[in-house]
Amino acid sequence: MKEIVSGSEALMRSLVNEGVKTIFGYPGGAIMPVFDSLYHYTRGENKKFNHILVRHEQAAAHAAEGYARVSGEVGVCIVTSGPGATNTLTGVADAMMDSTPIVVICGQVGIGALGTDAFQEVDLVGVSQPITKWSYQIRRPEDVAWAISRAFYIARSGRPGPVVLDFPKNAQMNTCEWNPVNVTSIRSYQPYPELENSSVEKAAEIINQSQRPLALIGQGVELGNAHNELLEFLEKADIPAGCTLLGLSALSSEHPLNKGMLGMHGNYAPNVKTQECDVLIAIGMRFSDRVTGKTSTYAKQAKIIHLDIDRAEIDKNIKVDVAVVGDCKMSLPAITRLLRKNHHQEWIDSFEPYHQMEEEQVIRPSIHPTEGPLLMGEVVNAVAEATKGEAVLVNDVGLNQMFSSRYFKFLRKRSIVTSGGLGTMGFGLPAAVGATFGAPERTVCVFTGDGGFQMSIQELGTIMEQQAPVKMILLNNNYLGNVRQWQDLYYEHRHSFTNMLNPQYELIAKGYHIPYSLVIDRADLQEKIKEMLTIDGPYLLECAVKNEEDLLPMTIPGKNVDEMSLEAEW
């Protein structure tokens, strides 16, 4: 005899079937039946879930992102209707841009009240469809098991991304027979395209003939768990590589073929060599405008090979010569099998003068200054050295994001959590909370500026309650620093509302019972970092950095990717 359960109970059982262990959420009227069912799954012998009560629904989505990025699993958050649902949409859009698998479950008014402008009603499916892989309203409890299984399948398969489920209250409360569902395919949805042998063969032929190959490594390698396949590919053909922002931990920072970060604020050598290589192999990246610079002149001398799981990315921004559409865990070894063992030492050596130029003019002065106020680069470098490349880097958006991404070290996969495509200020703190639950065995360091920190400062309450061991490094320059730099560049140094009057963060940390230190003198930096990493649980390290520090190098918009400024020209 079939068991009769409520829609909310069916939801709990379906989440258990999907292997969910952690949920980030915030209760409210239209999702109350679900939270009542959740109560019984978070206590006693029947405990299945760890529910993390965030302090804002946007933080629930970002925490789910952080969890997903470091764990490789689907992040889950549950919120109420109306503003609860719309508050998550920044995180949903962020997840869509950065291909992060999350499932957002939102309460909704009852079916009979839809369309009446009922209290806390919003057309969530209509609002969220453009920024999700799938958005669906569960109108009957009988559909819960199917909808959840389908949501997780869509979120995690192919090119990952967010799914939003709208769950009206009557569907939560009404009953049905419990029938578990396991969705393994969807008609017309082909998440893993079949490799075309002709494209694989053509790509291998071009690479074998190349004298100056360059690989561009994107997050697709991380998402496809193709780290070993990437190494075999690069090492067999002796191909130097640059990494996108989201792909920085796909290849160890210490690997000799890793030539640094690509893009507007990336490393000088890989950007220059993009314009000198004869073959460009893009792997799991989308040719973002921040990587390409001026697209009309981008790598015109090179034959371009693009490996991507999403056919829509092919020729979208940059016209390519060969497209290998498929999962890079399959496409990389398929190409590697056809490659000749090769050596490109002269080509690889040609990167070194540009490395040295950047080292002397930018890197060394940034991480080893001898006088003046603290610099962002030296703080990041000191934390990177203290964590020995083993930590997870989470960052917010702005100068803190670029400095920390440039100067951190990555020896392990899935070690960077950052808002790439959407550039969401306020992302860092909640994403770091999620990362501590997604990788509890690892040290999680979040770098944030004073602007982004205050956009999600309420999540200190979540950190306090959970004792989440987030190591917070606040790079406080009393500015919206990145905007200020652009004002210097384009608006004749008119700092229109970018200077910030900040609170006493020591008192705020004290209010949340979080250990705190302030570093002003660089002589104290090493000691305070050691203290931060030694203390169990959370820690806030405020670093008073130079007010008007510029981020260099920089490719100014409209210029070729290799026309990088190594010193401020503004």
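1. The largest cavity in this predicted model has a volume of about 70 Å³. A search of the whole structure turns up one cavity of 30 Å³ or more. The lining of the largest cavity consists of Arg69, Gln219, Glu222, Leu223, Leu246, Arg414 and Ile416. By class, that lining has three nonpolar residues, one polar residue and three charged residues. Arg69 of the lining falls within the range of helix H3, residues 57-71, and Ile416 of the lining falls within that of strand S16, 416-417.

2. The second largest pocket has a volume of about 560 Å³. Its lining comprises 23 residues, and those nearest the centre of the pocket are Ser253, Gly260, Asn267, Arg406 and Lys409. Strand S11 (258-261), helix H16 (352-367) and helix H18 are the elements that each give two or more residues to this lining. H16 supplies the largest share, seven residues. The lining is mixed in class: eight residues are nonpolar, eight are polar and seven are charged.

3. One open sheet has six strands, in the order S3-S2-S4-S5-S7-S6, with parallel pairing. Strand S3 (50-53) and strand S6 (134-137) are its edges, each pairing on one side only. From one strand to the next, the twist averages 20 degrees. At the S6 edge, four bridges join S6 to strand S7 (residues 163-168), and the two run parallel. Tyr136 stands opposite Leu165 of S7.

4. Helix H3 packs on this sheet, where it touches strand S2 (22-25), strand S4 (75-79) and strand S5 (102-108). The direction of H3 makes about 165 degrees with that of S4.

5. H3 also meets a second helix, H5 (residues 89-97): the two axes come within 7 Å and cross at roughly 25 degrees. Angles under 35 degrees count as roughly parallel, so H3 and H5 are roughly parallel to each other. On the H3 side the contact is made by Gln58, Ala61, His62 and Glu65, and on the H5 side by Thr90, Gly91, Val92, Asp94 and Ala95. The residues of this contact divide into three nonpolar, four polar and two charged.

6. Another open sheet of six strands has the order S16-S15-S17-S18-S20-S19, and here too the pairing is parallel. The edge strands are S16 (416-417) and S19 (516-519), each with pairing on one side only. Strand S18 (residues 470-476) and strand S20 (residues 539-544) run parallel and are joined by six bridges. Within this pair, Leu475 has Cys543 in S20 as its bridge partner. Strands of a sheet pair through backbone hydrogen bonds, either parallel or antiparallel.

7. Two helices are worth viewing against this sheet. Helix H18 (residues 399-407) lies across strand S15 (392-395), S16, strand S17 (444-449) and S18, and runs at about 160 degrees to S15. Helix H24 (residues 525-534) lies across S17, S18, S19 and S20, running at about 165 degrees to S20. H18 also gives two or more residues to the lining of the second largest pocket described in point 2.

8. Two backbone details deserve a look. Most residues other than glycine have a negative phi, and most peptide bonds are trans. Glu492, a residue other than glycine, has a positive phi near 50 degrees. Glu492 sits in the loop between helix H22 (481-490) and helix H23 (505-511). The peptide bond that joins Leu552 and Pro553 is cis, with omega about -5 degrees. Pro553 is placed in the loop between S20 and strand S21 (554-555).

How values were computed. Residues are numbered from 1 along each chain as its sequence is written. This is a predicted model: local features need pLDDT of at least 70, side-chain atom pairs count only at pLDDT 80 or more; totals for chains, interfaces and linings use all residues. Side-chain values use heavy atoms; hydrogens and water are left out. Two strands pair if DSSP finds at least two bridges between them. Contact means heavy atoms within 4.5 Å. Axes are lines fitted to C-alpha atoms, for helices over the stretch in contact, and angles run from 0 to 180 degrees between N-to-C directions. On a 1 Å grid over the protein atoms alone, a cavity is a set of points where a 1.4 Å probe fits but cannot get out, and a pocket is an open set with protein on both sides within 12 Å along at least five of seven lines; lining residues have an atom within 4 Å of a point. Grid points are joined across faces, edges and corners, and a volume is the space filled by probe spheres set on the points. Ala, Val, Leu, Ile, Met, Phe, Trp, Tyr, Cys and Pro count as nonpolar, Asp, Glu, Lys and Arg as charged, and the others, Gly among them, as polar. Angles under 35 degrees count as roughly parallel, over 145 as roughly antiparallel, 65 to 115 as roughly perpendicular and the rest as oblique.
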